[in-house]
Structures are given as C-alpha cells and as structure tokens.
Amino acid sequence: MISQPILELQNVNKSFGHVQANKDISLKVNRGDIHGIIGENGAGKSTLMSIVYGFYQADSGNIKINDKIIEIKSPHESILSGIGMVHQHFMLVENFTVVENIILGFEGEFVFGEKLNQAKESLMKLCEDYNLKIDLNATISDLSVGFRQRVEILKALYRGAEILILDEPTGVLTPQEVDELFKILRSLKEQEKTIILITHKLNEIMILTDKVTVMRQGEIVGEKNTKDTTKDQLAEMMVGRSVLLRIDKRKPNIGDTVFEVKNIDVKDNLDVMRVKNVSFDLREGEILGIAGVTGNGQTELLEALTGIRQVDSGEIKLYGNIISSKNIFFDPRQLREQDVAHVPEDRQRMGLVTEFNASENLIFGYHHQQPFSKSSVMMGKNIYNHSKKIMRDYDVRPQSPFLVTSNFSGGNQQKIILSRELHKDPKVLLVGQPTRGVDIGAIEFIHQRIIDMRDKGVAVLLVSVELDEILSLADRIVVMFDGKLVGEKVNENVTDREIGLLMAGITN
C-alpha cells in the first residue's frame with residue numbers, strides 16, 4: 001500500500017531582508033510517518049516549519065493539506081487545519097494548572113462547571129490513549145521539563161492536531177525523559193498521527209524516523225528512507241563534507257593542580273542543599289568531565305566554581321589560594337581577571353543579552369578593557385573589527401556584528417559565547433552543556449576547540465548531561481548523583497553502561 005502525503009510543500013521561498021532562509025522548498029510528508037528534518041543551525045528547518053505553523057508567511061509557494069491548497073496566516077489557522085507545534089521553549093503559563101493551560105484561548109469563553117468537567121474528561125481520555133500520564137490539576141511551575149513537554153503535546157492533541165511538529169524536543173530532557181518521549185511518539189504513530197521531528201541528533205533520527213529530509217543553507221539537499229542510510233551519510237549531507245562523529249585526541253600532558261574543591265556544600269535559591277560534601281581537583285592539560293542526569297547538583301556546583309553562588313561550607317582554591325568559603329567570596333569578574341573563562345549552561349539566561357547585538361555580546365565581561373574601551377569610552381571601530389574577526393574564526397553565521405543576538409540560531413549563539421570566552425587564552429575553562437541544541441557540524445567544531453584548549457595546557461572542567469560527549473572528550477570522569485560524587489573513572493576503557501549505572505546512583 002502506497003502512503004499518501006498528508007502535508008505537501010511546493011516551491012516555498014522565504015527571505016528576511018537579504019538573507020534567504022528557504023529556497024524553493026518542495027517536500028512531502030506521508031500520513032502516519034515520523035518524518036525527520038535535519039540540518040545545521042541556520043539551515044532553515046525551523047523557519048520552514050514556522051511557515052507551516054503560521055508564524056511566518058512564505059514569500060511564494062504553496063502548502064497543501066490532504067491534497068488541498070490552504071493559506072495559513074496565523075497559528076490559529078494552522079491549528080484549525082490540524083497542525084500543532086511544540087517549540088523548543090514551551091509556551092505555558094507557570095502559575096496555571098495543566099488543564100487551564102490547555103483550554104486557555106481555545107474555548108472562546110470562560111470555562112467552568114459542566115463545560116470544564118467535559119474538557120477534563122476529554123483530556124483524561126487523550127492521556128490514556130497516548131500514554132501521557134499527566135496530572136491535569138498540577139501547576140505548571142511544579143512540573144519537570146519532561147512533563148511540561150507532555151502538556152504541550154496534550155494541548156496540540158486536544159486542539160485536534162493530526163500533524164505534530166516538534167522542534168528539538170530532547171534538547172532539555174534527561175535520558176529517562178527522552179525514553180518516555182520516544183514511547184509517546186511511537187504511540188502517536190500507532191494512532192496514525194503524523195510527526196515532523198526537527199533535530200540535530202542523528203541517533204534520534206535513526207531510532208525514530210521513517211524518512212529524513214536534509215537541509216543545508218536554506219535548501220533541501222537530500223531525502224532518504226531512514227533504513228537505507230547511515231549517520232555518517234546524513235552528517236556529510238548536512239555539512240557538505242565528512243564529519244568526525246567522535247573526536248580523536250592524544251593522551252593528555254597533565255600539569256599542576258589549578259582548582260581544588262574540598263568538602264563543599266552548596267544550597268540553591270530555595271535553601272535546599274544541592275551539592276553535598278563534594279571534593280575533586282582539576283589539573284592543567286586535562287579535561288575533567290562531570291556526568292549526571294540534570295538536577296543532581298551540577299548547576300549549583302558550576303555556579304559555585306564561577307563565583308555566581310557562595311558555598312555553604314568547605315572551600316575552593318584557585319592556584320593554591322582560597323577563592324570561596326563560608327567567609328570568602330570572589331565574584332565572576334575577579335575570577336575572569338585570574339584567567340578563568342566560563343561558558344554557562346543556560347546561554348540565553350546567563351551567557352547573552354539577546355536583545356543586544358552580536359558585537360556587544362562578543363565583548364561582555366571584557367568591555368571595560370582595551371582595545372574595547374578607553375577612559376570609559378567604547379571604541380566602536382575596534383569592537384566592530386574584533387567582532388568580524390571572531391565571527392569569521394568561529395564560523396558564526398551570519399557574520400553580521402550588528403545583528404540582534406536573538407536572531408541567531410541556538411548553535412550560533414553558543415559560538416558567540418564560546419568565542420568570547422576563548423579568545424583571551426584562559427588558563428582555566430569551565431564549560432556547562434557546551435553543545436546543547438547545537439547541530440552536528442557545530443558540535444564537531446566546539447569539541448575540537450575544547451580539545452585544542454586542553455592541548456595548550458588549559459585546565460578544562462566539562463559539565464554535560466550528554467554521556468556521549470563526556471565519553472568523547474573527558475580524560476577523567478566523575479559522576480554526580482543527588483548532589484554527591486558517587487564515582488570517578490579514568491576514561492580509557494570505561495563504558496557508557498558503567499557511567500550510566502553511576503548516574504542512576506548504583507555504585508555496586
């Protein structure tokens with residue numbers, strides 16, 4: 001039986017000023033398929049799906065649903081056409097309940113009494129049909145990221161979605177949450193729902209999808225039945241060249257200890273102890289990887305090491321001098337002046353001011369220094385020239401220093417932060433989730449830069465929830481579980497199973 005396309009795009013074009021994001025795109029998505037769309041950051045895949053969802057309108061071309069040309073001018077019209085979209089950053093009201101978020105703006109009138117009960121009954125049936133397992137009365141602020149994503153999926157299903165678009169759905173999920181999401185997507189497929197999966201993770205493409213479309217520089221460069229291709233082939237199509245999926249590196253040349261962490265406890269903003277009696281050291285010329293599932297104290301540990309958060313007990317030493325204890329506290333600027341660079345976990349909340357342009361973000365933290373500033377006057381030409389060079393050296397796309405940073409893709413925002421922190425040749429590099437939401441070509445680039453820093457004698461601390469990333473880059477691995485270090489391994493013949501068991505708190 002030949003599958004019929006439920007969605008078809010015909011010669012779709014979209015430009016933003018002089019930048020053409022989509023060039024003559026023609027694409028068919030079959031009913032009941034999980035269809036992957038992959039490409040480097042800035043390849044145009046999210047723009048294309050935003051056209052389908054009505055956020056943008058195409059400059060030319062057609063959209064067909066069930067072989068009928070339709071015009072979609074808004075997300076509301078897209079929803080009425082049976083299209084739902086789950087974005088990277090969820091669109092939920094934190095202090096509303098699950099059911100309130102789902103019916104918000106959809107019922108057209110205030111919902112209470114019998115009408116609210118009917119809505120809850122419909123939602124409970126959807127939860128049962130698609131194995132979503134959500135407490136409809138829970139407040140969004142009390143839910144994990146994984147459950148918030150389920151709410152977005154449930155919201156789309158409640159509004160009648162037959163086509164569900166997911167944009168980088170696993171970028172903020174734990175490994176367990178990823179497994180649960182995959183079960184949900186397979187359940188949706190069994191019920192003849194059509195899934196469009198935008199992702200840069202080739203493992204997900206190979207595990208989940210029926211077909212995959214590859215985009216590069218705004219164009220479709222290939223389409224494959226997933227069973228007929230490989231990760232290496234897809235990576236080469238995405239980037240236009242062969243890509244190293246695992247970085248080769250020589251043995252480390254380890255030097256002196258630069259960071260010493262001794263028995264530290266660290267509390268979060270709610271006064272809950274998140275780091276518990278943690279001790280380790282970090283040496284020149286090595287990458288120390290900290291593995292663990294999100295929420296086990298890594299964030300608070302990294303904030304304590306970078307001067308953002310004070311320790312509750314214990315001490316942290318840099319070059320043999322105490323920089324943090326119960327009574328001593330260095331702020332991030334002082335650490336930066338001690339040649340400590342920091343790539344934060346959350347690029348948008350802590351690494352960038354997204355309303356500012358790229359050139360401004362490329363000098364933050366160093367803006368008071370020459371050649372960017374003289375007698376408190378910003379040196380515009382120097383900043384521009386520096387930004388152009390950095391953007392070229394780090395392949396930031398587009399190379400437009402005056403472009404507002406929010407208009408760059410996630411991977412290029414990450415390159416802006418990384419280039420800013422590395423150009424000063426730090427002695428210590430503290431990196432959190434360096435490739436979160438980043439495409440395969442940029443991952444290779446970022447990994448190679450981190451290895452280069454290590455080979456120059458820089459002490460690198462790498463915090464990542466991506467186990468493959470830890471195993472690929474780290475020379476030594478420590479694992480955090482429930483705020484404690486539960487194991488340490490030299491990364492020679494260690495397996496992902498060994499580290500995975502430690503991540504789950506199994507130490508025997």
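This is a short talk on the fold, the cores and a few chosen elements of one chain.

Morning, everyone. One caution first: this is a predicted model.

Let's start with the whole chain. It has 17 helices and 22 strands. The C-alpha trace spans about 70 × 50 × 50 Å along its principal axes. What radius of gyration would a compact globule with 508 residues have? Near 23 Å, and the chain has 24 Å, which agrees. Of the 508 residues, 51% count as buried. Now look at contacts between residues at least 6 apart in sequence: 67% of them join residues at least 24 apart.

Next, the inside. In soluble globular proteins, nonpolar side chains tend to be buried together. Here the largest nonpolar core has 41 residues. Which of them touch the most other members? I287, L429, I477 and I499. Helix α15, residues 440-455, gives the most to this core, with 6 residues. Apart from it lies another core, of 37 residues. V98, L126, I140 and L154 are among its members.

Back to L429 for a moment. Leave out residues up to four places away in sequence. L429 then touches A341, V343, L422, M453, V458, A459, V460 and L461.

One of those contacts, L422, takes us to helix α14, residues 410-422. Is α14 mostly covered or mostly open? Mostly covered: 12 of its 13 residues are buried. They include charged and polar names such as N412, Q413, K415, R420 and E421, alongside I416, I417 and L418. What do the buried residues pack against? Strands β16 (340-343) and β19 (428-432), plus helices α11 (347-351), α12 (358-361), α13 (380-393) and α15. The length checks out too. At 1.5 Å a residue, α14 should span 18 Å, and its end C-alpha atoms are 18 Å apart, which agrees.

Now the strands. Strands of a sheet pair through backbone hydrogen bonds, either parallel or antiparallel. We have examples of both.

Antiparallel first. There is an open sheet of 4 strands, in the order β2-β1-β4-β5. Its edge strands are β2 (19-30) and β5 (68-70), each pairing on one side only. The twist averages 25 degrees from one strand to the next. Between β1 (residues 5-16) and β2 there are 8 bridges. One example: S15 has Q20 of β2 as its bridge partner. Helix α1, residues 45-52, lies across β1, β2 and β4 (60-65). Relative to β1, α1 runs at about 115 degrees.

Now parallel. Take strand β8, residues 194-198. Why call β8 largely enclosed by the rest of the structure? Because 5 of its 5 residues are buried. T194, I196 and I198 point one way, while I195 and L197 point the other way. β8 has parallel partners. Strand β3 (residues 34-39) joins β8 through 4 bridges. Strand β7 (residues 163-167) pairs with β8 over 5 bridges. Look at I195 in β8. I195 is the bridge partner of I34, and also of L164.

Last stop, a loop residue. S325 sits between β15 (321-324) and α10 (332-337). Is S325 buried or exposed? Buried, because its relative accessibility is 11%, and the cut-off for buried is under 20%. Setting aside neighbours within four places in sequence, S325 is in contact with Q310, V311, G314 and E315.

That's the tour. Thanks.

Note on methods
Residues numbered from 1 in each chain as written. Predicted model: local features only at pLDDT ≥ 70, side-chain atom pairs only at ≥ 80, totals over all residues. Heavy atoms only, no water. Core = buried A, V, L, I, M, F, W, Y, C linked by side-chain atoms within 4.5 Å. Buried < 20%, exposed > 50% of the residue type's maximum accessible area, 1.4 Å probe, protein only. Helix = DSSP H or I, 4+ residues; strand = E, 2+ residues; numbered from the N terminus. Contact = heavy atoms within 4.5 Å. Expected span 1.5 Å × (residues − 1). Pairing = 2+ DSSP bridges. Axes fitted to C-alpha atoms, helices over the stretch in contact; angles between N-to-C directions. Rg over C-alpha atoms; globule rule 2.2 N^0.38 Å.
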